[in-house]
Amino acid sequence: MKPTITLAVSTIGDKVEGAIELLEPFGDEEGLELIVLAQKSPNRLISQIDTIKSEKNIRLIPLDSVGLSKSRNAAIREATGDYVWILDDDVSIEKHHIQVIQSALRDNPDHIHIGQIECSDCQGLYKDYSRSRKGRLGILRISSIEILAPVKKIREYEVVFNESIGLGTALPSGEENVFLLDCLNAGIPFNFIDKTIIGHPCNIEERQPKHAWKDPAQLQSKGHIARYVGGFSGLALLGLWGSRALIYTKSIKAIFSILKGYITPRKRVTG
């Protein structure tokens, strides 16, 4: 039976064992394919690929490449399910989450499905879901682990992650936003699931703006995203993010970091 959903966990180094543990409870679930994409994976685990597959029903795929977008593209290539669910190794998934997703997929086939995240380390939601996530600007509020992409559609339109951006590159964020903008440009419809489908540590203190807006590489990533959005909306983002960077950092250098990301063309690399 062809699986409906491929759960594709990206991981690196010794974290691969945690990724395998994350998927283990779903080894007997019908309609699911479980894969772990492991960069820099320990040799002791590579030698156990067949055992992990036979005992846990999890496909461990070692990758020679480094970079989160490269791992995401490997997931798209390797997935045999109707949908690929983009996952990190620090999430938590319960069986009721799977049921919510399966119901949404039946009602809206061939859509990009976007769910919600609940905090796994405290009460509440990971972000403010009262704000719209629709359209070219709303898409920027979406996280990768909220995305279930229709494999046939994205392959048909050749939509993949740009491997010159994302964690492991000079621009460490925004790869999912560019991916979704490409999906939108291709005319793939979106469906928003108004329920939580996954848990993730909220790390409330670490995610405070006073931290997020001080990393020059993150600021350059924002500039690149504004460039990719393009037009008046892109320029408006540039002004908005530039003013926020100045407020949070009290440094003109932050504005120059965003401008550098905006004016510097980035070669599109897709593997």
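Guide: A helix here is a DSSP run of H or I with at least four residues, and helices are numbered from the N terminus. Leu-259 lies in one of them, helix 12. The model shown is predicted.

Visitor: Why is Leu-259 called partly exposed?

Guide: Its relative accessible area is 31%. Buried means under 20% and exposed means over 50%, so Leu-259, at 31%, falls in between.

Visitor: What is Leu-259 part of on the surface?

Guide: Leu-259 forms a nonpolar patch with Leu-246, Ile-252 and Phe-256, and together they have about 360 Å² of accessible area. Helix 12, residues 252-263, supplies the largest share of this patch, three residues.

Visitor: What makes Cys-119 and Cys-202 a disulfide?

Guide: Their sulfur atoms are 1.8 Å apart. The cut-off is 2.5 Å, so the pair counts as a disulfide. Cys-119 belongs to strand 5, while Cys-202 sits in the loop between strand 7 and helix 9, so the pair ties together parts that are 83 residues apart in sequence.

Visitor: How do you know whether Cys-122 is in a disulfide?

Guide: The nearest cysteine sulfur, that of Cys-119, is 3.9 Å away. A disulfide needs sulfur atoms within 2.5 Å, so Cys-122 is in none.

Visitor: Why is Cys-202 called buried, and Cys-122 partly exposed?

Guide: Cys-202 has a relative accessible area of 1%. Buried means under 20%, so Cys-202 is buried. Cys-122 stands at 30%, which lies between the limits of 20% and 50%, so Cys-122 counts as partly exposed.

Note on methods. Residues numbered from 1 in each chain as written. Predicted model: local features only at pLDDT ≥ 70, side-chain atom pairs only at ≥ 80, totals over all residues. Heavy atoms only, no water. Patch = residues over 30% accessible without salt bridge, like charges linked within 9 Å, V, L, I, M, F, W, Y side chains within 5 Å. Areas by Shrake-Rupley, 256 points an atom, 1.4 Å probe, with all protein chains shown as cover. Salt bridge = Lys/Arg side-chain N within 4 Å of Asp/Glu carboxyl O. Helix = DSSP H or I, 4+ residues; strand = E, 2+ residues; numbered from the N terminus. Buried < 20%, exposed > 50% of the residue type's maximum accessible area, 1.4 Å probe, protein only.
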